[in-house]
Amino acid sequence: MNVPAYAARSAGAPLAPFTVERRDPRPDDVQLDILFCGICHSDIHQARDEWGGATFPMVPGHEIVGRVTRVGPGVTKFKVGDLAGVGCMVDSCGRCDPCRRGTEQFCTQTAAWTYNGTEMDRTTPTHGGYSTSIVVRESFVLRIPAGLDPAGAAPLLCAGITTYSPLRQWGVKAGQRVGVVGLGGLGHMGVKLARSMGAEVTMFSTSPSKEKDAERLGATGFVLTADPAALKAQAGKFDFLLDTVSAEHDVNAYLSVLRPGGTMVMVGVPPERLKLSAFSLVAGNKRLAGSLIGGIAETQEMLDHCGKHGIVADVEIIPMQKVNEAYERTLKSDVKYRFSIDLASLKK
Ligand code: NAP
Ligand code: ZN
């Protein structure tokens, strides 16, 4: 069936109305009527082909929440009317070692990314959530806990899992000092989630105007990174740092605030290469690591955690027609703290 969508026709072209074809549900498929889709900075990197290898036309969007409208006869976890979510992946091989370990994002066959990729047949292009409906294999559809606002829950499907997973992998817990670098979509989820795990959280930001918000989100410290003296005053204080910055920045400066043996995890993916001094790691046995979203089971665990703690993203709801403006505002760090597209605007 043909459904309305918004697509970039070429790298950097403004997004414009487009039609995508969705397959009829197969026996193990779930069809969602999309209610909300978050705007992730990765949508912008890819729509502008900043990471290379992008394919067009591209319908971005991997923070999807919708209502189940159809299920194949083999589907057991969902029924019509359920609220469900889809994140960055819609399929994987299911047989390789990473898939068996629940890290489908590292599928050796390459996962079927929700957009800017192909289905596992490697020929059918995938198209994301800037559309009114999507059909996805049941095993890649997530349950949205009751009580979570759908517009605010949508960003959990990428910003939520991307920040939850490293906090869990590195065992962040009560009593630890955690720094979150960059207060955007990922950063604000990082603050909320680290707080919910009991950590003491400090925000590292380039935006003085965000200090009050950082406090409201749960941070007890705020460091304006443009001020070298402010950064220097934090030297050696942190157990763990989550770097969510989307643009080129000096990681050495942030590594200096780790205590000996501390870890900094990159989740932000600036297109430029890092300039790293070995001294930044050697002096203090420090670790610099990375983390890519999270597997399907872990994404469900994150959603259940958010359901239990009442955590959703702080969103500004926009109609699909405002997407290009929202991209520009995201690039100016002018979003509090995630745009969530109301797909009702495309259904009229
Ligand atoms: P976002 O909402 O635009 O937030 C990024 C924040 O970084 C900004 O709000 C700003 O915070 C800070 N920042 C921007 N430019 C900066 C600069 N030049 N120097 C220092 N700080 C700067 O983006 P997002 O959606 O959270 O995504 C962040 C990054 O994570 C993107 O690169 C995205 O592609 C990536 N990502 C990775 C994964 C993964 O699996 N690893 C998943 C999703 C997204 P302040 O105003 O507080 O400084
Ligand atoms: Zn994302």
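The following dialogue considers how two ligands are held in a predicted model.

Biologist: Which residues come nearest to ligand 1?

Modeller: One begins with the residues that surround the ligand. Here the surroundings comprise 30 residues, of which His41, Ser205, Thr206, Ser207 and Arg338 come nearest. By character, the shell divides into eleven nonpolar, 16 polar and three charged residues.

Biologist: Which polar atoms of the protein lie by the oxygen and nitrogen atoms of ligand 1?

Modeller: A polar contact is a pair of N or O atoms within 3.5 Å. In this model, a polar side-chain atom of Ser207 is 2.5 Å from an oxygen atom of ligand 1. The backbone also takes part: a polar atom of Leu183 lies 2.7 Å from an oxygen atom of the ligand, and one of Val267 lies 2.9 Å from a nitrogen atom. Of the 920 Å² of accessible area that ligand 1 has on its own, the protein covers 91%.

Biologist: Which parts of the chain supply the shell around ligand 1?

Modeller: Helix 1 (41-47) and helix 5 (185-196) are the elements that give two or more residues, and helix 1 provides the largest share, three residues. Domain 1 (2-158 + 294-347) and domain 2 (160-290) each contribute at least three residues.

Biologist: Which residues coordinate the zinc ion, ligand 2?

Modeller: For a metal, one identifies the donor atoms. They are SG of Cys40, NE2 of His62 and SG of Cys158, at 2.0 to 2.2 Å. Their spacing along the chain is C-x21-H-x95-C. Cys40 lies in the loop between strand 3 (29-38) and helix 1, and His62, 22 residues apart from it, in the loop between helix 1 and strand 4 (64-71).

Biologist: Are Cys40 and His62 buried or exposed?

Modeller: A residue counts as buried under 20% relative accessible area. Cys40 is therefore buried, at 2%, and His62 is likewise buried, at 7%.

Terms used
Residues are numbered from 1 along each chain as its sequence is written. Chains are lettered from A and ligands numbered from 1 in the order in which they are written. This is a predicted model: local features need pLDDT of at least 70, side-chain atom pairs count only at pLDDT 80 or more; totals for chains, interfaces and linings use all residues. Side-chain values use heavy atoms; hydrogens and water are left out. A residue is near a molecule or strand if one of its heavy atoms lies within 4 Å of it. A polar contact is a pair of N or O atoms within 3.5 Å; within protein, one must be able to donate a hydrogen and the other to accept it, and residues adjacent in sequence count only if both atoms are side-chain atoms. Accessible areas come from the Shrake-Rupley method with a 1.4 Å probe; for residues, only the protein chains shown count as cover. Helices (H or I, at least four residues) and strands (E, at least two) are DSSP runs, numbered from the N terminus. Ala, Val, Leu, Ile, Met, Phe, Trp, Tyr, Cys and Pro count as nonpolar, Asp, Glu, Lys and Arg as charged, and the others, Gly among them, as polar. Domain bounds come from an automatic or database domain assignment. Donors are N, O and S atoms within 2.8 Å of the metal (3.2 Å for Na, K and Ca); water is not among the atoms, so sites may look incomplete. Buried means under 20% relative accessible area, exposed over 50%, partly exposed in between (1.4 Å probe, protein chains only).
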